[in-house]
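Please open the structure in your viewer and keep the sequence panel visible. The stops below each suggest a selection and describe what is found there.

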Amino acid sequence: MSCRISELVLNCTNPELLARFWSEVLGYVELDREDGAIEIGPEAGFGGLQPTIILSPSSNPRVGRLPLHIDVNPVDRDQDAELERLLALGARPADVGQAGDEQWHVLQDPEGNEFCLLRRRLEP
């Protein structure tokens with residue numbers, strides 16, 4: 001037996017803002033709303049190869065860096081063009097001590113959660 005990641009839960013102060021941001025970044029749609037939480041995912045919904053993301057409202061402030069972060073890859077453009085798109089959507093560059101010669105970009109979503117834009121282009 002093995003397991004597959006089916007959903008990621010991200011506690012946040014503004015689920016609406018992050019649902020819009022991550023839906024645009026990943027090409028996801030809103031799947032469900034329950035008790036203030038918003039679930040986004042691929043149009044096929046829960047249970048496919050891509051995990052859904054649940055943006056769960058929380059008033060507990062995050063302290064420091066998250067022990068886990070999301071990596072994304074461009075699918076229909078090169079890394080430079082995708083970086084421009086992500087910045088236009090509201091991502092911000094993040095400094096986590098990188099040397100400057102990495103093949104990825106460290107960014108933050110609108111609530112400051114770090115994620116990386118990798119170089120390799122994946123098929124959509």
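Begin by selecting R33, remembering that this is a predicted model. R33 is partly exposed, with a relative accessibility of 43%. Now add E16 to the selection: this residue is partly exposed as well, its relative accessible area being 35%. Which residue does E16 pair with in a salt bridge? The partner is R33, and the closest N and O atoms of the two lie 2.5 Å apart. Because E16 belongs to helix α1 and R33 to strand β2 (residues 29–34), the pair ties together parts that are 17 residues apart in sequence. In general terms, side chains of opposite charge can pair when their charged atoms come close.

**Helix α1**

Next, select residues 15–26, which form α1. This helix has 12 residues, and the distance from its first C-alpha to its last is 16 Å, close to the expected 16 Å at 1.5 Å a residue. Which residues of α1 are buried? They are P15, L18, A19, F21, W22, S23 and V25. Move on to G27, just after the helix, where phi is positive at about 70 degrees.

**A network of charged side chains**

Select D76, R77, E82 and R85 together; salt bridges link these residues in a network. Look at D76 and R77, whose side chains meet in a salt bridge with an N to O distance of 2.8 Å. D76 is partly exposed at 46% relative accessible area, and R77 is likewise partly exposed, at 27%.

Then turn to R85 and E82, which also form a salt bridge, at 2.8 Å from N to O. How far apart are R85 and E82 in helix α2? They are three residues apart, so about one helical turn separates them. An α-helix has 3.6 residues a turn, so residues three or four places apart point the same way. Is E82 buried or exposed? E82 counts as buried, because its relative accessibility is 7% and the cut-off for a buried residue is under 20%. A search of the whole structure finds five salt bridges, including those visited on this tour.

**The largest pocket**

Select L26, Y28, I70, D71 and V72, the lining residues that lie nearest the centre of the largest pocket. The full lining has 34 residues, and the space inside amounts to about 890 Å³. Colour the elements β1 (7–12), α1 (15–26), β5 (70–72), α2 (79–89) and β8 (114–117), since each supplies at least two residues of this lining. By type, the lining consists of 21 nonpolar, five polar and eight charged residues.

**The second largest pocket**

Now select N11, C12, T13, S58, N60, P61, R62, E111 and N113, which line the second largest pocket. About 190 Å³ of space lies there. Its lining divides into two nonpolar, five polar and two charged residues.

**Confidence in the model**

Finally, colour the chain by pLDDT. The average is 92, and 99% of the residues score at least 70. Which element has the lowest mean pLDDT, and which the highest? Among the elements of the chain, β1 has the lowest, at 94, whereas strand β3 (residues 37–41) has the highest, at 98. As a general caution, predicted coordinates should not be read in detail where pLDDT is low.

Notes
Residues are numbered from 1 along each chain as its sequence is written. This is a predicted model: local features need pLDDT of at least 70, side-chain atom pairs count only at pLDDT 80 or more; totals for chains, interfaces and linings use all residues. Side-chain values use heavy atoms; hydrogens and water are left out. On a 1 Å grid over the protein atoms alone, a cavity is a set of points where a 1.4 Å probe fits but cannot get out, and a pocket is an open set with protein on both sides within 12 Å along at least five of seven lines; lining residues have an atom within 4 Å of a point. Grid points are joined across faces, edges and corners, and a volume is the space filled by probe spheres set on the points. Helices (H or I, at least four residues) and strands (E, at least two) are DSSP runs, numbered from the N terminus. Ala, Val, Leu, Ile, Met, Phe, Trp, Tyr, Cys and Pro count as nonpolar, Asp, Glu, Lys and Arg as charged, and the others, Gly among them, as polar. pLDDT is the predictor's confidence in each residue, from 0 to 100. A salt bridge is a side-chain nitrogen of Lys or Arg within 4 Å of a carboxyl oxygen of Asp or Glu. Buried means under 20% relative accessible area, exposed over 50%, partly exposed in between (1.4 Å probe, protein chains only). The expected span of a helix is 1.5 Å times one less than its number of residues.
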